[in-house]
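Biologist: I am new to reading protein models and would like a close look at a single part. Could you pick one residue, tell me about its place, and then walk me outward from there?

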Amino acid sequence: MKAASLDAYSVGVRNRRDTKLLQLDKFNGKDSAILQAHSYLAAIKNKFFTSVEDKRCLQIETPNNLANTIEGLALVGQFGYSGRLVDHKSGVVNYNIKQTDVPLEPFYFEMTAKPAARRGILICAKHGQSGCKSLLSQYVRDEFSKSFPAYIMDIQPLMPRQAIDALVDKGTVNAVRFVQDIIPHDIADRFNGNQQAQEGEMEIVIRTKKTGKISIKNIKALMLNQKTVKDLIQVKDFEPSNVKVELDVQGRKRVIDFGNLGHVRASFDVTAEVTAGIDGYPTFASVQTASKSLIASLLPSL
């Protein structure tokens with residue numbers, strides 16, 4: 001099974017001419033944004049939303065609606081490429097893939113908000129680097145704008161500071177990983193002898209022993225632009241492009257992936273918490289449990 005993660009986003013609705021967020025369950029005085037989103041997703045339960053530009057399709061399976069919560073599976077796939085579907089054990093060609101064929105991958109999603117809240121949370125699962133967020137949010141936002149031209153649904157990355165604030169009170173920081181996405185020429189040369197830098201990853205991990213403790217305040221300062229990575233770590237030929245923080249929250253490992261430092265997002269590694277199904281993907285029930293646990297930690301911070 002590929003690494004499984006849950007990406008967290010904030011959901012809000014505002015008037016097109018204003019920046020003030022409105023009450024989600026009565027954004028125009030009567031309608032609920034969550035219920036509207038559910039109706040849009042239910043409409044493509046047996047149909048496809050297609051992004052011609054990206055050559056990707058979205059279909060929704062089991063769009064459950066529970067009060068102020070929607071959850072289900074988003075089936076996402078890409079078309080436009082032909083090829084052969086081969087059994088890797090026998091080498092036999094089982095099927096010739098046409099450009100109109102769409103191999104679908106299942107991704108868990110959940111959108112929820114507290115009653116009378118102005119912000120909600122959208123959780124989208126990822127397997128490795130593949131996910132459903134971009135296509136799902138594009139479809140929901142477009143349909144919402146068609147239904148309510150005077151309003152905009154904002155779906156933005158949940159800031160890691162919010163995530164950290166919500167989690168750190170219940171857990172401890174085990175390690176901080178500084179990641180560089182290139183291997184310097186002098187180190188690469190020792191392994192391949194070509195004297196050139198190459199793409200890859202180098203990590204410097206700050207980890208305490210059992211009796212030690214890592215303070216979160218410098219991580220918060222980094223995200224608020226009060227400090228730079230160089231204020232925290234300076235190593236020759238090492239310029240991190242990413243920072244990952246490992247936490248222990250009530251016995252569960254949480255990894256907050258800040259993503260590229262120029263494009264902050266909150267991503268939580270749940271590989272150890274989910275179970276692989278017979279199809280090789282995490283089971284719905286195991287991802288659902290991980291998602292609800294994460295939301296319970298994050299929702300009070302909104």
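Modeller: Let's start with Phe 48, which sits in the loop between α1 (33–42) and β2 (49–51). Keep in mind as we go that this is a predicted model. Is Phe 48 buried, exposed or partly exposed? Its relative accessibility is 43%, so Phe 48 counts as partly exposed. If you set aside the neighbours within four places in sequence, Phe 48 is in contact with Cys 57, Leu 58, Gln 59 and Leu 104. You can also look across to Leu 75: 27 residues separate it from Phe 48 in sequence, and the two C-alpha atoms are 9.5 Å apart in space.

Now step back to helix α1, on one side of that loop. Ala 33 lies in α1, and with a relative accessibility of 1% it counts as buried, because buried means under 20%. Which residues touch Ala 33, leaving aside its neighbours within four places in sequence? They are Val 13, Leu 24, Phe 27, Phe 144 and Met 153. Gln 23 is another residue to find: it is 10 residues from Ala 33 in sequence and 8.9 Å away in space, C-alpha to C-alpha.

Going the other way, past β2, you come to Lys 55 in the loop between β2 and β3 (56–66). Here the backbone is worth a look. Most residues other than glycine have a negative phi. Lys 55, however, has a positive phi, near 55°. At 36% relative accessibility, Lys 55 counts as partly exposed. Ala 116 also has a positive phi, about 70°, although it is not a glycine. You will find Ala 116 in the loop between β7 (105–112) and β8, and its relative accessibility of 45% makes it partly exposed.

That brings us to β8 and to a pocket. The second largest pocket holds about 150 Å³ of space. Which elements each supply at least two residues of its lining? They are β1 (4–15), β8 (120–127), β9 (130–131) and α2 (133–147). The lining residues include Asp 7, Tyr 9, Arg 56, Cys 124 and Lys 126, and Lys 133 and Ser 134 are among them too. Sorted by class, the lining has 3 nonpolar, 4 polar and 4 charged residues.

Follow α2 onward from the pocket. Its 15 residues should span 21 Å at 1.5 Å a residue, and its end C-alpha atoms are indeed 21 Å apart, so the two values agree. The buried residues of α2 are Lys 133, Leu 135, Leu 136, Ser 137, Tyr 139, Val 140 and Phe 144. Two of these names have come up already: Lys 133 lines the pocket, and Phe 144 is in contact with Ala 33.

For a second helix, try α7, residues 284–298. It has 15 residues with an expected span of 21 Å, and its end C-alpha atoms are 21 Å apart, which agrees. Its buried residues are Ser 286, Val 287, Ala 290, Ser 291, Leu 294, Ile 295, Ser 297 and Leu 298. Where do they sit around the helix? Seen down the axis of α7, they fall within an arc of 165°, so they line one face of the helix.

Finally, zoom out to the whole chain. It has 7 helices and 15 strands, and 45% of its 302 residues are buried. Among contacts with a separation of 6 or more, 63% join residues that are 24 or more positions apart.

Terms used:
Residues numbered from 1 in each chain as written. Predicted model: local features only at pLDDT ≥ 70, side-chain atom pairs only at ≥ 80, totals over all residues. Heavy atoms only, no water. 1 Å grid on protein atoms, 1.4 Å probe; cavity = no way out; pocket = protein on both sides within 12 Å on 5 of 7 lines; lining within 4 Å. Points joined across faces, edges and corners; volume = space filled by probe spheres on them. Helix = DSSP H or I, 4+ residues; strand = E, 2+ residues; numbered from the N terminus. Nonpolar A, V, L, I, M, F, W, Y, C, P; charged D, E, K, R; others polar. Expected span 1.5 Å × (residues − 1). Buried < 20%, exposed > 50% of the residue type's maximum accessible area, 1.4 Å probe, protein only. Arc of directions from axis to C-beta. Contact = heavy atoms within 4.5 Å.
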